[in-house]
Amino acid sequence: MTATSPITSIEGTWYIDGMPFDEDGILVIMKDGRTIQFPTSVTKPRMNQTMRLWHSGFDGESIQFRNAPHGRGWLRRIEHSSNGWDMIADSDGEISRFHCQRADLASLPDWYPEMLEKNLTKMSALEDEKSNAEQGVDPNA
């Protein structure tokens, strides 16, 4: 019997409660450690509104998100429910809950595939840049 990684329970495309926006956002959690969060699910978000994050360490109860592939990051608790899961943020004692419900891929907006690809490409470029810097490769050579 093959053990299933806990991350498989939250991988995929989700609608996430849109606080502070008036509509849900779109959250994409990928197996390769990348996460994209679009602030809205209808309006086409600008690139500077989109969160490009890396995740790690999901043990079924909490996950770490980072702004950079090897950054320090922050933890979010996860609670599973019958219709998805809740991401729970504790910021200095103030608790915020963001409900995530599986997105029906057919209901995603027209802009979604293009914007997802643009953000993933940007993340790959950042990872390549970091890797080259660690190896001492001159990007202007």
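What follows is a chat between a colleague and a modeller about a barrel and its aromatic rings.

Colleague: Before we start, what kind of model is this?

Modeller: It is a predicted model, where local features need pLDDT of at least 70, side-chain atom pairs count only at pLDDT 80 or more, and totals for chains, interfaces and linings use all residues. Residues are numbered from 1 along each chain as its sequence is written, and side-chain values use heavy atoms, with hydrogens and water left out.

Colleague: Thanks! Which strands make up the closed barrel?

Modeller: Eight strands, in the order S1-S2-S3-S4-S5-S6-S7-S8, with antiparallel pairing. A strand here is a DSSP run of E with at least two residues, helices are runs of H or I with at least four, and both are numbered from the N terminus.

Colleague: How do you know that S1 and S8 pair?

Modeller: Two strands pair if DSSP finds at least two bridges between them. Strand S1 (residues 12-16) and strand S8 (residues 94-102) have three bridges, in the antiparallel sense, so they meet that definition. Ile16 stands opposite Cys100 in S8.

Colleague: And what joins S7 to S8?

Modeller: Seven bridges join strand S7 (residues 84-91) to S8, and the two run antiparallel. Cys100 turns up again, as the bridge partner of Trp85. In the hairpin of S7 and S8, two residues lie between the strands, and Asp92 takes a positive phi near 55 degrees.

Colleague: Why is the pair of Trp14 and Trp85 called edge-to-face?

Modeller: Rings of Phe, Tyr and Trp (its six-membered ring) pair if their centres lie within 6.5 Å; planes under 30 degrees apart count as stacked, over 60 as edge-to-face and the rest as tilted. Trp14 and Trp85 are 5.5 Å centre to centre with 80 degrees between the planes, so the pair fits the edge-to-face class. Since Trp14 lies in strand S1 and Trp85 in strand S7, the pair ties together parts 71 residues apart in sequence.

Colleague: Are those two rings buried or exposed?

Modeller: Both Trp14 and Trp85 are buried, meaning under 20% relative accessible area, with exposed over 50% and partly exposed in between (1.4 Å probe, protein chains only).

Colleague: What makes Phe38 and Trp111 an edge-to-face pair?

Modeller: Their centres are 5.2 Å apart, with 70 degrees between the planes. Phe38 is in strand S3 (residues 34-38) and Trp111 in the loop between S8 and helix H1 (112-135), 73 residues apart. Phe38 and Trp111 are buried, and they form one aromatic cluster with Tyr112.
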